[in-house]
Amino acid sequence: MLKEGFDPKSVNLTEFESKFSEKTFLSSLKKDSKKLGEEKVYDALKLFHCYKSAKTPVFAKTTIAGALGYLTSDYDIVPDSMPVYGMVDDIAIIDRALNEVKEHIDEQIEVEAKQTLKAIF
């Protein structure tokens with residue numbers, strides 16, 4: 001399914017992918033795992049494994065890239081260091097992206113996310 005008005009030829013994920021490796025993402029996610037909680041870490045991992053899937057269309061990958069890029073960025077609307085509210089913006093973005101791409105998250109992606117989650121918690 002292609003989103004109306006979306007031109008996949010206009011998207012180049014190469015620059016994003018060069019700065020976003022599995023190692024750097026998992027390291028960043030592990031650092032924030034206690035603040036995010038197991039459920040949200042699992043959601044982020046579903047997005048991550050969906051991004052890596054060859055079956056995921058480019059428009060979904062751009063949504064995921066934006067969400068995971070925001071999650072791992074040092075620049076936030078609400079600073080992560082802020083007690084209680086620090087992860088609210090990150091969680092909202094994860095939830096929104098997950099809702100946008102949920103049709104592309106299959107059983108295999110969920111299994112891979114659960115396996116990765118076990119390594120973090």
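Start by selecting Lys 52: with a relative accessible area of 42%, this residue is partly exposed. Keep in mind that you're looking at a predicted model.

Now add Glu 22 to the selection. The two side chains meet in a salt bridge, 3.1 Å from N to O. Colour the helices and you'll see that this pair ties together distant parts of the chain: Glu 22 belongs to helix 2 (residues 22-36), Lys 52 to helix 3 (residues 38-52), and they sit 30 residues apart. Glu 22 is partly exposed too, at 37% relative accessibility.

Stay on helix 3 and pick Lys 40 and Asp 43. Here's another salt bridge, with the closest N and O atoms 3.1 Å apart. This one stays inside helix 3: the partners are 3 residues apart, about one turn of the helix. Are these two buried or exposed? Asp 43 counts as buried, at 7% relative accessibility, and Lys 40 is buried as well, at 13%. The cut-off for buried is under 20% relative accessible area, so both make it.

Next, jump to helix 5 and show Arg 96 and Glu 100. They form a salt bridge whose closest N and O atoms are 3.2 Å apart. Both lie in helix 5, 4 residues apart, which again is about one turn of the helix. Arg 96 is exposed, with a relative accessible area of 54%, while Glu 100 is partly exposed at 27%. Before moving on, select Lys 40, Asp 43, Lys 46 and Asp 95 together: salt bridges with shared partners join them into one network. The count of salt bridges comes to 7.

For the last stop, show helix 4 (residues 58-72) alongside helix 5 (residues 88-101). Their axes are 9 Å apart, and the helices pack at an angle of about 165 degrees. That makes helix 4 roughly antiparallel to helix 5, because an angle over 145 degrees counts as such. Turn the view and look at how they cross: helix 4 passes helix 5 in a left-handed crossing.

Which residues make the contact? On helix 4, select Ala 60, Thr 63, Ile 64, Ala 67, Tyr 70 and Leu 71. On helix 5, select Asp 89, Asp 90, Ile 93, Ile 94, Ala 97, Glu 100 and Val 101. Colour them by class and you'll get 9 nonpolar, 1 polar and 3 charged residues. You've already met one of them: Glu 100, the salt-bridge partner of Arg 96, is part of this contact.

Technical notes: Residues are numbered from 1 along each chain as its sequence is written. This is a predicted model: local features need pLDDT of at least 70, side-chain atom pairs count only at pLDDT 80 or more; totals for chains, interfaces and linings use all residues. Side-chain values use heavy atoms; hydrogens and water are left out. Axes are lines fitted to C-alpha atoms, for helices over the stretch in contact, and angles run from 0 to 180 degrees between N-to-C directions. Helices (H or I, at least four residues) and strands (E, at least two) are DSSP runs, numbered from the N terminus. Angles under 35 degrees count as roughly parallel, over 145 as roughly antiparallel, 65 to 115 as roughly perpendicular and the rest as oblique. A crossing is left-handed if the near helix is turned anticlockwise from the far one by less than a right angle, and right-handed if clockwise. Contact means heavy atoms within 4.5 Å. Ala, Val, Leu, Ile, Met, Phe, Trp, Tyr, Cys and Pro count as nonpolar, Asp, Glu, Lys and Arg as charged, and the others, Gly among them, as polar. A salt bridge is a side-chain nitrogen of Lys or Arg within 4 Å of a carboxyl oxygen of Asp or Glu. Buried means under 20% relative accessible area, exposed over 50%, partly exposed in between (1.4 Å probe, protein chains only).
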